[in-house]
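Open your viewer, get comfortable, and keep the selection box handy. We will go from stop to stop, and at each one I will tell you what to pick and what is there.

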Amino acid sequence: MRSCRNITSLISQGLDKKLGLGERLTVRVHLMMCSRCRNFKTQSQFIRKTAQTYTQHIQDLAKRKS
Ligand SMILES: [Zn+2]
């Protein structure tokens, strides 16, 4: 079984690019057993989404000004 450090690293990578089938499967199996990594995934996705929304908002404001 992979370590949590390994899994969280894969989860972070997965936010930026699509993971391979093996990697996704590894993460999924680990998440079924590990609530700490589940929390990490939820939080990373939340932060990522918030950051995207914020960036979009700033861009919209910049567009409106010009
Ligand atoms: Zn874990």
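Start by selecting methionine 33, which is exposed because its relative accessible area is 53%, over the 50% that exposure requires. Before going on, please keep in mind that this is a predicted model.

**Around methionine 33**

Methionine 33 sits in helix α2, which spans residues 21–33. Now add Leu25, Val29 and Met32 to your selection: together with Met33 they make up a nonpolar patch on the surface. How much accessible area do Leu25, Val29, Met32 and Met33 have together? The four share about 430 Å².

**The zinc ion**

Stay in helix α2 and select histidine 30, which is also placed there. Is histidine 30 buried or exposed? Its relative accessibility is 3%, so histidine 30 counts as buried, the limit being under 20%.

Show the side chain of His30 and look at its NE2 atom, one of the donors to the zinc ion. The others to display are the SG atoms of Cys4, Cys34 and Cys37, and the coordinating distances run from 2.0 to 2.3 Å. Cysteine 34 and cysteine 37 are both buried.

If you like to check geometry, try the angle tool here. The four donor atoms subtend angles of 102 to 115° around the zinc ion, and therefore the arrangement is tetrahedral. For reference, four tetrahedral donors have an ideal angle of 109.5 degrees. Reading along the chain, you will find the donors of the zinc ion spaced as C-x25-H-x3-C-x2-C.

One more pick from this stop: draw a distance from the C-alpha of histidine 30 to that of serine 3. The two residues are 27 apart along the chain, and their C-alpha atoms are separated by 8.9 Å.

**The annotated stretch**

Next, select residues 4–38. According to the UniProt record, an unreviewed entry, this range carries the annotation "domain: Putative zinc-finger". Colour by secondary structure and you will see that residues 4–38 are 86% helix and 0% strand. The C-alpha atoms at the two ends of this range are 10 Å apart.

**A salt bridge between helices**

Now select arginine 48 and aspartate 16. They form a salt bridge, with 2.9 Å between the closest N and O atoms. Arginine 48 belongs to helix α3 (residues 35–65) and aspartate 16 to helix α1 (residues 4–16), so the pair ties together parts that are 32 residues apart in sequence. How exposed are the partners? Arginine 48 is partly exposed at 29% relative accessibility, while aspartate 16 is exposed, with a relative accessible area of 61%. The salt bridge count comes to one.

**Three last picks**

- Select serine 9 in helix α1. Serine 9 is partly exposed at 34% relative accessibility, and its C-alpha is 10.0 Å from that of valine 27, 18 residues away along the chain.
- Move to arginine 38 in helix α3. Arginine 38 has a relative accessible area of 39% and is partly exposed; its C-alpha and that of arginine 28, 10 residues apart along the chain, are separated by 9.5 Å.
- Finish at threonine 42, also placed in helix α3. Threonine 42 counts as exposed at 52% relative accessibility. Draw a line from its C-alpha to that of isoleucine 58, 16 residues along the chain, and you should read 24 Å.

How values were computed: Residues are numbered from 1 along each chain as its sequence is written. This is a predicted model: local features need pLDDT of at least 70, side-chain atom pairs count only at pLDDT 80 or more; totals for chains, interfaces and linings use all residues. Side-chain values use heavy atoms; hydrogens and water are left out. UniProt positions are given in the numbering used here, feature names are shortened, and annotations may be inferred rather than shown by experiment. Helices (H or I, at least four residues) and strands (E, at least two) are DSSP runs, numbered from the N terminus. Donors are N, O and S atoms within 2.8 Å of the metal (3.2 Å for Na, K and Ca); water is not among the atoms, so sites may look incomplete. Four donors count as tetrahedral if all angles lie between 85 and 135 degrees; four count as square planar and six as octahedral if opposite donors are over 155 degrees apart and all others between 65 and 115; anything else is irregular. Buried means under 20% relative accessible area, exposed over 50%, partly exposed in between (1.4 Å probe, protein chains only). Patches are made of residues with over 30% relative accessible area and no salt bridge: like charges are joined within 9 Å, nonpolar side chains (Val, Leu, Ile, Met, Phe, Trp, Tyr) within 5 Å. Accessible areas come from the Shrake-Rupley method with a 1.4 Å probe; for residues, only the protein chains shown count as cover. A salt bridge is a side-chain nitrogen of Lys or Arg within 4 Å of a carboxyl oxygen of Asp or Glu.
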